[in-house]
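User: I want to learn how to read a protein model. Can you take me through one, feature by feature?

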Amino acid sequence: MKTKIGVFFGGRSTEHEISIISANQAINAFNPEKYEIIPIYISKEGKWYTGRELLTLSNYRNIPELLKKVTEIYMKPIYGDFNIYNAKKSMFGKEIFDTLDLAIPVLHGTNMEDGRFEGLLETIGIPYAGCDTLSSANGMDKITMKMILSADGIPVVDYVWFTDHKWAADRDAIIEKIEKKLSYPVIVKPADLGSSIGIGTAHDREALIEKINNATRFASRIIVEHMVTNLREINCSVLGDVDEYQTSVLEEPIKAEEILSYGDKYMAGGMHAAQKRIPAELSDDLATECSRLAGDTFSVLGCHGVSRVDLIIDADTNKVYVNEINTIPGSLSYYLWEAGGLSFESLMDKLVKLALKRQRSMQNKTLTFDQNIFALGGGVKGGLKK
C-alpha cells in the first residue's frame, strides 16, 4: 500500500503565497508509485481544505472560487487520531474524509514555521518531517537564535533587541544604545519573520526611526544588527538530524540592493529561480568554514529534516557569521541538493524516512510515569479527603 502523506501549506502568515509555491514543488516531486499525497491548504483565516484543485497554482488567482470547489476538513487534537474529518458533513455523508500516515508541513513564517503548528502535530502524535516545536521556535526567532548560537561559540554579528512597547515608551534610550554599540549602517528586522519582510537598512538616525517603525508593523520584538558593508551572502542547506546530517552545495545569492529583498527572492518565480551562483566561488578554506558553521547551527538548535542556513562573509576580513536559519526553507532548498547530485524526489524520500526514524525513537522513550499519586493516600498538599 502507498504511504498517505498530508502536505500542509498556506497558513495565517505573511509568507502564505510562498508556502503555496513551495508545497506545489514538493508535491510534484513525490514518487506517485510510493506515495498518495493529500494536499491540505490552510487559508489566511485558518480553515483547512483538501481537494485536487489545490494542486493547480493558477487556481489561487481567485481563492474564494477555489474554496467552493474543495472540501473543508479538520483534525482532532487527540493523540493517535490521524483521521481527517469532514468539517461540513451531510446527513448521510461520512464523518471521516481520509486517514494520514505521515505529515509534511511546507509552511513558512509566523504562526506556521515557529513551532505552533509543529506542536499540534506532536499533540496528535502523527509522524512528521522537519524541526520539532522547540527547534522551530528557536530557529524562527532571530533574537533567541542568536543568543543560543553565541552561547555555543558560533559567530553572529553584534545586535540590539527590544520590544515595540519599549520602542514606543523609550525610543531615545534605544537609539542611543544602538548608536553606541553598533554605529551606522545597521539592519532592522522583525524578530520572527522571514522572506525579508519588514527588513530595512539605515545609514543615519532618521532612517533608523523609519525602519524600526515599519518593522513594528509586523512583529512585537525587533532586532537591529551591525551591517557588514562589504559582504557576501552564502546559503547552505542541511539535511538529517542532530546526530547525523549532511550539508549541501553552497550558493551565493545575487541581490539587486543592499540586502536580498522579497522581490529578489520570489517575484521571479521562487528561491529556486532567483539569481545566484551555484556553487559559490569560494576558497577551499572559506567553503569548509561555511559548511561547518551551517552544520553546527543545525545541530546546536536541535534541527531535523531539511533547513537552510544563511551566512555572511565580511569580504574585508574573511570572517564568517551565521545570519539566520530557515527551518522550512523556500522550495525546501531542493535546487541546492540537485546541484550536488541528490534529486528532489530523493530529497522527499529522505524526509519521509527521517520522520519515521524520529517516530520510532520517540516510541522508545518513557513519556508517562506509571504511578497514581491519588492512590497513595497522601503526599498531596491540599489533597483529596477520604
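Analyst: We will go from the overall fold to single residues. Keep in mind that this is a predicted model.

User: Let's start with the fold. How many helices and strands does the protein chain have?

Analyst: Begin by counting the elements of secondary structure. The protein chain has 12 helices and 16 strands.

User: How do I read the radius of gyration of the protein chain?

Analyst: Set the value beside a rule for chain length. The radius of gyration here is 23 Å, and the globule rule gives 21 Å for 386 residues. The two are close, so the protein chain is as compact as a globular protein of that length. For the outline, take a box along the principal axes: the C-alpha atoms fill roughly 65 × 60 × 40 Å.

User: What share of the residues is buried?

Analyst: Buried means under 20% relative accessible area. By that cut-off, 52% of the 386 residues count as buried. Then turn to the outside. The accessible surface is about 18700 Å², and carbon and sulfur atoms own 50% of that.

User: What do the contacts say about sequence distance?

Analyst: Take the contacts between residues at least 6 apart in sequence. Of these, 66% join residues at least 24 apart.

User: And how far apart are the mean positions of the positive and negative charges?

Analyst: Count each sign, then compare the mean positions. The protein chain has 44 positive and 52 negative charges, and their mean positions are 7 Å apart.

User: Now the inside. Which residues have the most contacts within the largest nonpolar core?

Analyst: That core has 38 residues. Ile-5, Phe-30, Ile-104 and Met-348 have the most contacts inside it. Next, see which elements supply the residues. Those giving two or more include strand S1 (3–10), helix H1 (16–29), strand S2 (35–42) and helix H12 (344–363). H12 gives the most, with 7 residues.

User: What is Met-348 in contact with?

Analyst: Leave aside its neighbours within four places in sequence. Met-348 then contacts Ala-26, Ala-29, Phe-30, Ile-104 and Leu-332. There is also a second, separate core of 24 residues, and Leu-149, Ala-280, Leu-282 and Val-320 are among them.

User: Let me try single residues. Is Cys-290 buried or exposed?

Analyst: Find its element, then its accessibility, then its partners. Cys-290 is in helix H10. Its relative accessibility is 0%, so it counts as buried. Away from its neighbours up to four places off in sequence, Cys-290 touches Ile-234, Leu-250, Leu-282, Leu-311, Ile-313 and Val-320. Take Leu-250: it is 40 residues from Cys-290 along the chain, yet their C-alpha atoms are separated by 8.2 Å.

User: Where does His-16 lie, and what does it touch?

Analyst: Use the three steps again. His-16 lies in helix H1. Its relative accessible area is 0%, so His-16 is buried. Beyond four places in sequence, His-16 touches Gly-10, Gly-11, Tyr-41, Ile-42, Ser-43 and Lys-44.

User: How does Thr-163 count at 22% relative accessibility?

Analyst: Compare the value with the cut-offs: under 20% is buried, over 50% is exposed, and partly exposed lies in between. At 22%, Thr-163 therefore counts as partly exposed. Thr-163 is found in strand S8 (residues 159–163). Its contacts, not counting residues up to four places away, are Ser-220 and Arg-221. The C-alpha atoms of Thr-163 and Thr-216 are separated by 8.4 Å, with these positions 53 residues apart along the chain.

User: Next, the backbone. Which residues does a cis peptide bond join?

Analyst: Look at omega. A cis peptide bond joins Tyr-184 and Pro-185, with omega about 0 degrees. Pro-185 lies in the loop between helix H7 (171–181) and strand S9 (186–190). A cis peptide bond also joins Ile-278 and Pro-279, where omega is about -5 degrees. Pro-279 lies in the loop between strand S14 (276–277) and helix H10 (284–300).

User: Last one. What is the phi of Ser-331 and of Ser-333?

Analyst: Check the sign of phi, and check whether the residue is a glycine. Ser-331 is not a glycine, yet its phi is positive, about 60 degrees. Ser-333 is not a glycine either, and its positive phi is about 55 degrees. Ser-331 sits in the loop between strand S16 (319–326) and H11. Ser-333 is in the loop between S16 and H11. Ser-331 is buried, at 2% relative accessible area, and Ser-333 is buried at 0%.

Technical notes
Residues numbered from 1 in each chain as written. Predicted model: local features only at pLDDT ≥ 70, side-chain atom pairs only at ≥ 80, totals over all residues. Heavy atoms only, no water. Helix = DSSP H or I, 4+ residues; strand = E, 2+ residues; numbered from the N terminus. Rg over C-alpha atoms; globule rule 2.2 N^0.38 Å. Buried < 20%, exposed > 50% of the residue type's maximum accessible area, 1.4 Å probe, protein only. Contact = heavy atoms within 4.5 Å. Areas by Shrake-Rupley, 256 points an atom, 1.4 Å probe, with all protein chains shown as cover. Lys, Arg positive; Asp, Glu negative; His and termini not counted. Charge placed at Lys NZ, Arg CZ, Asp CG, Glu CD. Core = buried A, V, L, I, M, F, W, Y, C linked by side-chain atoms within 4.5 Å.
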